[in-house]
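Hi everyone, thanks for coming. Today I'd like to walk you through the aromatic contacts in one structure, so let me put it on the screen.

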Amino acid sequence: MDRRKSCVLLAFFFILFLSMDANGNGNGNNNNNNGNNNNGNDGDATNYKELAPAKTGEERAHCNAKGACNSKTLQCPSQCPAKKPKNNKKNKGCFVDCSSKCEVTCKWRRANCNGYGSLCYDPRFVGGDGVMFYFHGAKGGNFAIVSDDNLHINAHFIGTRPQGRTRDYTWVQALAIMFDTHTIVIAAKRVSNWDDNVDALIVSWDGEAVDIATDGEAEWRTNGEEREAVVERTDYANSIRVTIARLVEIDIRVRPIGEKENRVHNYQLPADDAFAHLETQFRFSNLTDLAEGVLGKTYRPDYVSPVKIGVPMPMMGGEDKYQTPSLYSPLCKVCRFQWQTGFGAIKELAQY
């Protein structure tokens, strides 16, 4: 009898083990399963019409996305009644999600460097598939981060190579966002001594400098031929959100390399340069299934990451495929974007 019970127990645990293995991903990738969830492609999440606020003041939205959330009205909670709070530094904003989640949540309006579509540090990406990887590029180089039919985003890399190193340490200093016939550039100024309260952001629209107010609505907006573009502050200094209607929403923060970080990583940076750079998170709408770019390709439904999972620094190659002639050029070996008729040359922005 004891032997029979033992056999039954062994069979039970064996079946349980098989069930767990089938439901897990087995690749050590934090259950991302490289499942191409496209969590950063927010076409459904942001597919809604704004309604008049509730009598108690909370903002509301009518969802137009397909699926379970279609035609539902979502109302912001009392803890964060507005999508754009008046005091961004102290208050969270209301996030309306009309995708299958069908929810409203309170969040800080800042880049999450561990979230889908993030580009931070030296440079570390988290793709649309949830897989983290590094892409070092090259000091002074420009690379296509995203290239699709209606959107192209380049990144300008700054860096240094200490004596004895075989490659550059690099960071992203500027982004050029190209769409329709326009280009928005967001860049970090070269700063000798960093001060959190001093703005180190540079913003330009088609080559002309843009001043973002620090009071009132604290935003700049324009209506192009096809869509509206908005740049708004999400903190008193060095933090903004860029929204290109029906294409992309980007949270951007400027930060320096601190003394401790410089010492721990042995960057050997000069004392007169804080190496101010960008921390960024992208949320895309309406990317095609053939999107390209270092980050863009990770949103393809059939994408399988080539990086080695489980190592401290999984590396993504392809510098030769994604390098562009300048920050303002949408040309590379695999780039897809083409300017609409009417595009003209724009002024170069000061870079390193």
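**Aromatic rings**

Counting ring pairs by centres within 6.5 Å, we get 13 aromatic pairs. Please keep in mind that this is a predicted model.

Let's begin with F179 and W205. Their ring centres are 6.2 Å apart and the planes meet at 50°, so this pair is tilted; tilted covers whatever is neither under 30 degrees nor over 60. Where do F179 and W205 lie in the chain? F179 belongs to strand β11, residues 169-179, and W205 to strand β13, residues 201-205. They are 26 residues apart, so the pair links distant parts of the chain.

Are these two buried or exposed? The cut-off for buried is under 20% relative accessible area. F179 has 1% relative accessibility, so F179 is buried. W205 comes out at 14%, so W205 counts as buried too.

Now stay with W205, please, as W205 also pairs with W220. Here the centres are 5.5 Å from each other, with 55° between the planes, and this pair is tilted as well. W220 sits in strand β15, residues 219-223, so with W205 in strand β13 we have another link between distant parts of the chain, 15 residues apart.

Elsewhere, there is a cluster to look at: F125, F133, F135, F143 and F157 form one aromatic cluster.

And one last ring, F95: the charged end of K107 sits over this ring, 5.4 Å from its centre.

Thanks, everyone!

Key:
Residues numbered from 1 in each chain as written. Predicted model: local features only at pLDDT ≥ 70, side-chain atom pairs only at ≥ 80, totals over all residues. Heavy atoms only, no water. Phe/Tyr/Trp six-rings, centres within 6.5 Å; stacked < 30°, edge-to-face > 60°. Helix = DSSP H or I, 4+ residues; strand = E, 2+ residues; numbered from the N terminus. Buried < 20%, exposed > 50% of the residue type's maximum accessible area, 1.4 Å probe, protein only. Lys NZ or Arg CZ within 6 Å of the ring centre and 35° of its normal.
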